[in-house]
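Me: I'm new to reading protein structures, and I'd like a close look at one part of this one. Could you take it slowly and start from a single residue?

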Amino acid sequence: MACCVPLSSSSSSSSSVLLSQKPETLSFGYRVSSDKLSFGGSSFKFGTVKKEQSCRAASVAFRDLDADDFRHPLDKQNTLILRAIPGLNELGKALLGTVTEQIMLLENIGTSVLVSKNQLPELHQLMTEAAEILNIEAPDLYIRQSPVPNAYTLAISGKKPFVVVHTSLVELLTRKELQAVLAHELGHLKCDHGVWLTFANILTIGAYTVPGLGGLIAQSLEEQLFRWLRAAELTCDRAALLVAQDPKIVISVLMKLAGGCPSMADQLNVDAFLEQARSYDKASSSPMGWYIRNAQTRQLSHPLPVLRAREIDDWSRGHDYKALLNRAIKTKSVQNV
């Protein structure tokens, strides 16, 4: 659930709920399409709801919630690695100028429907509730026509961040699942993921254009970037759970993104998907399996869906999650939508 990007992302950022992405060869030349950000020959997927009669309203909120309260250990570790890269912050700001930011902003605003109390009010309420639970200001929410199930976040310096959700995702997920997706995107904003991902993307693209060692530098940065992004996605799945407060809702989202469609959604089984995750762990536990698993995931921007499902299931059973729930403050119940 990658992009504030955070591809979960500032100067300008974009986050994505999509599963696994591998970009093409990188080069300059900026372009935005309905579901990806392209720089010349390089494309970054942003990273990616079935109708329900009503949705549970927010009943608790985390008034003093800090990002580190739910940040995944691998996210913490890899964020420190990114911060240790000399000049990353300054170079990212220099490479990503106001023109690029304006293009990204206008492209998304001009081709989507802005959600509000008077425009798709049900979705507006889902976002408002999720933001209240996570103790964060709700960003703007846009719905965009696209056959690719996806959701992403853009955080542009000096402007209110916004989340874009594709219509196909709305059709695929239940309302509770859609709210978990919105919470995942809010997690990118809560954790300031956007700054690091966007800067790292631009820096990598720029490095590929430098003769000589530029390609080697870019390759190293790209590997560090994807390692960090995979960890960031695990953090934002936790944010989704804090809002959904039911691991099966979050796991169901991952399962549907892996192999769901509206016509068969009611036949999918979360417990069977978790068993599939355990089978994957067992199959990859041998030395050869470990090598193949790392080769499969090395160039992915998102962890494999079965691994994300297992991670969120484990965290939901642990002390840290239960301790956070005990800290939650009861809020006024809201009528079902």
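Which residues does Leu242 touch, not counting residues up to four places away in sequence?

Reply: Happy to help! Please keep in mind that this is a predicted model. Leaving aside residues up to four places away in sequence, Leu242 touches Phe62, Leu65, Phe70, Ile133, Leu134, Trp315, Tyr321 and Leu324. Find Leu242 in the view, then pick out these partners one by one.

Now look at the group around it. Leu242 is among the residues with the most contacts inside the largest nonpolar core, together with Phe70, Leu134, Leu141, Val165 and Trp315. That core has 58 residues. As a general idea, nonpolar side chains in soluble globular proteins tend to be buried together. For the chain as a whole, buried residues make up 55% of the 337 residues. The chain exposes about 14,500 Å², and carbon and sulfur atoms supply 55% of that area.

Two of the partners of Leu242, Trp315 and Tyr321, deserve a second look. Trp315 is buried, and Tyr321 is buried too. A search of the whole structure finds two aromatic pairs. In one of them, the rings of Tyr142 and Phe162 have centres 5.3 Å apart and planes at 75 degrees, so this pair is edge-to-face. Tyr142 sits in strand S7 (residues 140-144) and Phe162 in strand S9 (residues 162-166), so to speak a link between distant parts of the chain, 20 residues apart. Both Tyr142 and Phe162 are buried. Trp315 and Tyr321 also form an aromatic pair, this one tilted, with 5.2 Å from centre to centre and 50 degrees between the planes.

While you are at strand S7, look for Arg144, which has its place there. Arg144 counts as buried because its relative accessible area is 4%, and the cut-off for buried is under 20%. Arg144 and Thr167 are 23 residues apart in sequence, yet their C-alpha atoms are 5.9 Å apart in space.

Back to Trp315, which takes us to some empty space. Trp315 helps to line the second largest cavity, along with His72, Leu234, Asp237, Arg238, Arg308, Glu311 and Ile312. About 40 Å³ of space lies in this cavity. Helix H8 (214-244) and helix H12 (305-316) are the elements that give two or more residues to its lining. The largest share, four residues, comes from H12.

H8 and H12 turn up again at the largest pocket, where helix H1 (73-83), H8, helix H11 (287-297) and H12 each supply at least two residues of the lining. This pocket has a volume of about 500 Å³. Of its 17 lining residues, Leu74, Arg230, Arg293, Asn294 and Thr297 lie nearest its centre. H11 gives the most to the lining, with five residues.

One last stop follows H8. Gln245 lies in the loop between H8 and helix H9 (247-259). Its phi is near 55 degrees, a positive value in a residue other than glycine. At 26% relative accessibility, Gln245 counts as partly exposed. Asp192 also has a positive phi, near 55 degrees, and Asp192 lies in the loop between helix H6 (175-190) and helix H7 (193-208). To place these stops in the whole, remember that the chain has 13 helices and ten strands.

Technical notes. Residues are numbered from 1 along each chain as its sequence is written. This is a predicted model: local features need pLDDT of at least 70, side-chain atom pairs count only at pLDDT 80 or more; totals for chains, interfaces and linings use all residues. Side-chain values use heavy atoms; hydrogens and water are left out. A nonpolar core is a set of buried Ala, Val, Leu, Ile, Met, Phe, Trp, Tyr and Cys residues joined through side-chain atoms within 4.5 Å. Buried means under 20% relative accessible area, exposed over 50%, partly exposed in between (1.4 Å probe, protein chains only). Contact means heavy atoms within 4.5 Å. Accessible areas come from the Shrake-Rupley method with a 1.4 Å probe; for residues, only the protein chains shown count as cover. Rings of Phe, Tyr and Trp (its six-membered ring) pair if their centres lie within 6.5 Å; planes under 30 degrees apart count as stacked, over 60 as edge-to-face and the rest as tilted. On a 1 Å grid over the protein atoms alone, a cavity is a set of points where a 1.4 Å probe fits but cannot get out, and a pocket is an open set with protein on both sides within 12 Å along at least five of seven lines; lining residues have an atom within 4 Å of a point. Grid points are joined across faces, edges and corners, and a volume is the space filled by probe spheres set on the points.
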